[in-house]
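Here is a short, friendly walk through some charged contacts and one helix. Take a look at the sequence and the structure first, and then read on.

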Amino acid sequence: MLVDKVQKMLADSIAERNEPKKSILKVLVSEIQRLHGEVKDVQVVSIAKKMVESNMAMMSLQTDEAKKNVLVAENQVLEEFLPKMASKEDIMREVHLLKDDFVVKPDSQCYGLGFAKLKKLGINADGNLVKKCIDEVRQ
């Protein structure tokens, strides 16, 4: 579970005396503790995502480079808890297998087939990138 991963990373950062990492993990743990009952991975992902988005907003307003670097470092830690997005190569490999299914179907059906295949395989992908890959395969 992600909660266990967070706790382990926090313990490791304390042992390593990695203050920036420890600091952001403590905030994440604090946010997780505010939840009641059993904490699910999806909840940890949601919290980490909101924290990353908040840091990104703060970065856009920040003029001090040192503070921007701290926010970037925090996001690198938090992104370890977010689902990894598939690369274009990964998407193309899977979409290419559907090439014969795309022959006479309209765009919307092709996109639906592509998204369904990726979802079935548990592959997280950017929707716009999936559409571009399908369009490339169909040409």
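Arg-138 and Asp-107 form a salt bridge in this predicted model, and their closest N and O atoms lie 2.3 Å apart. This pair ties together distant parts of the chain, since Arg-138 sits in helix 7 and Asp-107 in helix 6, 31 residues apart. How accessible are the two partners? Arg-138 is partly exposed, with a relative accessible area of 28%, and Asp-107 is also partly exposed, at 41%.

The search of the whole structure turns up eight salt bridges. Three of them, including the one just described, are set out here:

| Salt bridge | Closest N and O atoms |
|---|---|
| Arg-138 and Asp-107 | 2.3 Å |
| Glu-94 and Lys-117 | 3.8 Å |
| Glu-65 and Lys-68 | 3.8 Å |

Let us take the other two in turn. Glu-94 pairs with Lys-117 through a salt bridge. Here, too, distant parts of the chain are linked: Glu-94 belongs to helix 5 and Lys-117 to helix 6, with their positions 23 residues apart in the numbering. Is Glu-94 buried or exposed? Its relative accessibility is 15%, so Glu-94 counts as buried, the cut-off for buried being under 20%. Lys-117, in turn, has a relative accessible area of 23% and is therefore partly exposed.

The bridge between Glu-65 and Lys-68 stays within one helix. Both residues lie in helix 4 (residues 65-78), and because they are three residues apart, about one helical turn separates them. Lys-68 counts as partly exposed, with 23% relative accessibility.

Now back to helix 7, the home of Arg-138. This helix runs over residues 127-138, which makes twelve residues. From its first C-alpha to its last it reaches 17 Å, close to the 16 Å expected at 1.5 Å a residue.

Which residues of helix 7 are buried? They are Val-130, Cys-133, Ile-134 and Val-137. These residues cover an arc of only 100° around the axis, so they fall on the same side of helix 7. The face turned away from that buried side carries the exposed residues Asn-128 and Lys-132.

What covers the buried residues of helix 7? The cover includes helix 5 (88-96) and helix 6 (107-120). Those two elements also appeared among the salt bridges: helix 5 holds Glu-94 and helix 6 holds Lys-117, while helix 6 also holds Asp-107, the partner of Arg-138 in helix 7.

Definitions and conventions. Residues are numbered from 1 along each chain as its sequence is written. This is a predicted model: local features need pLDDT of at least 70, side-chain atom pairs count only at pLDDT 80 or more; totals for chains, interfaces and linings use all residues. Side-chain values use heavy atoms; hydrogens and water are left out. Helices (H or I, at least four residues) and strands (E, at least two) are DSSP runs, numbered from the N terminus. The expected span of a helix is 1.5 Å times one less than its number of residues. Buried means under 20% relative accessible area, exposed over 50%, partly exposed in between (1.4 Å probe, protein chains only). The arc is that of the directions from the helix axis to the C-beta atoms. Contact means heavy atoms within 4.5 Å. A salt bridge is a side-chain nitrogen of Lys or Arg within 4 Å of a carboxyl oxygen of Asp or Glu.
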